[in-house]
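Colleague: I'd like a close look at just one part of this model rather than a tour of the whole thing. Could you pick a stretch and walk me through how the pieces fit together?

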Amino acid sequence: MSEIKKSQFPPWIKTHLGGGAKFNKTAKILDDLGLQTICTNANCPNQGECWSRGTATVLILGNICTRNCPFCAVGHGKPLPPDPDEPGKVAEMTRRLEVKYLVITSVDRDDLADGGASQFRSVVAACRTRDAKMRFELLVPDFWKCQDAALEILDDVLPFVFGHNVETVPELYKTARPGGNYQRSLDLLRKAKVKWPEIPTKSSLMLGLGETDGQVLAVLKDLREAGCDRVSLGQYLRPSRDALEVVDFVTPEKFDWWAEKAKEAGFNWVMSSPFTRSSYHADE
Ligand code: SF4
């Protein structure tokens, strides 16, 4: 398929421009502390809106992923060792930005024995030292080969919302998420729910990669069977020229329809719109 130019975007695809004092403050604090965010690394279209609200999703464990998913703009290769100062820097960021709810995510760290779980734990612990009431959403990788050990490590810093994204339908994993495994992702969500029945679990799907309605409905059913409580659905937008192309644009009305379908499936928190991302308005 030929490349879709911005001028060919449907009218509902408009990026939210950044700017203003709060946006600049967020950018400066992140820059001063040398912190990474998924907002910039994934070229998220909501950066203007979120940063203007003083919200950013921290990307810990560096910005070099051990996998290479063609839907994602984050770089891949051999990552650096975890930064021992990172927990303190994130805590300082939450202080300066007066953050009460923080989404923390990471690249895949298949090179680490615990998949990076202990760094998640250290970051949460450091932030809680500053503000014991802070709430967290952890958007974790699939902890390939270390799921049980990783959940045991995270058990030390409950509670939080536990998020892991299936991203797309299993039929598209080969093209969109070749390093992932759909069942492995469901297993992680299921294990988290069994281990922590009171902890909300959450997953996200991108639409517009060529999936069918039936395939998406099947994923919603699988997620519910894995005990997943929350789901978000958003439009896939090509984050870089090297990334997979958009196959189709889902209308806002269809996203509303998906929200209804997700509620009917039993999810107790649903966000579904073209610009929904897993961390979009996560604090609401
Ligand atoms: S939706 Fe998430 S990743 Fe995108 S800008 Fe907002 S906080 Fe960052």
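Modeller: Sure. One bit of bookkeeping: two residues are in contact if their C-beta atoms, placed from the backbone, lie within 7 Å. Also keep in mind that this is a predicted model.

Let's start at helix 6, which spans residues 147–154. Its buried residues are Gln 147, Ala 150, Ile 153 and Leu 154. They sit on the same side of helix 6, because they cover an arc of only 125° around the axis. The general background is that an α-helix has 3.6 residues a turn, so residues three or four places apart point the same way. As for what covers the buried residues of helix 6, the list includes helix 5 (117–130), helix 8 (182–195) and strand 6.

Strand 6 is our way into the sheet. That sheet is open and mixed, with eight strands in the order 1-2-5-6-7-8-9-10. Strand 1 (36–37) and strand 10 (269–272) are at the edges with a single partner strand each, so one side of each has no neighbour in the sheet.

Now walk from strand 6 towards the strand 10 edge. Strand 6 (135–139) pairs with strand 7 (161–163) in the parallel sense, over three bridges, and Leu 139 has Gly 163 in strand 7 as its bridge partner. Strand 7 in turn runs parallel to strand 8, joined by two bridges; here Phe 162 is matched with Thr 201 in strand 8.

Strand 8 (201–207) is worth a pause: seven of its seven residues are buried. Thr 201, Ser 203, Leu 205 and Leu 207 point one way, while Lys 202, Ser 204 and Met 206 point the other way, and all are buried. So which residue stands opposite Leu 205 in strand 9? That's Leu 233. Strands 8 and 9 run parallel, with six bridges between them. To get from strand 8 to strand 9, the chain goes through helix 9 (residues 213–225), and that β-α-β crossover is right-handed.

Leu 233 also links us to the last step, since its bridge partner in strand 10 is Ser 272. Strand 9 (230–235) and strand 10 pair in the parallel sense over four bridges. The chain gets across through helix 10 (residues 252–265), in a β-α-β crossover that is right-handed. That brings us to strand 10, one of the edge strands, with its single partner strand.

Conventions: Residues are numbered from 1 along each chain as its sequence is written. This is a predicted model: local features need pLDDT of at least 70, side-chain atom pairs count only at pLDDT 80 or more; totals for chains, interfaces and linings use all residues. Two strands pair if DSSP finds at least two bridges between them. A residue is buried if 20 or more other C-beta atoms lie within 10 Å of its own, exposed if 12 or fewer, and partly exposed in between; C-beta atoms are placed from the backbone. The arc is that of the directions from the helix axis to the C-beta atoms. A crossover is right-handed if, with the strands pointing away from the viewer, the path from the first strand over the helix to the second runs clockwise.
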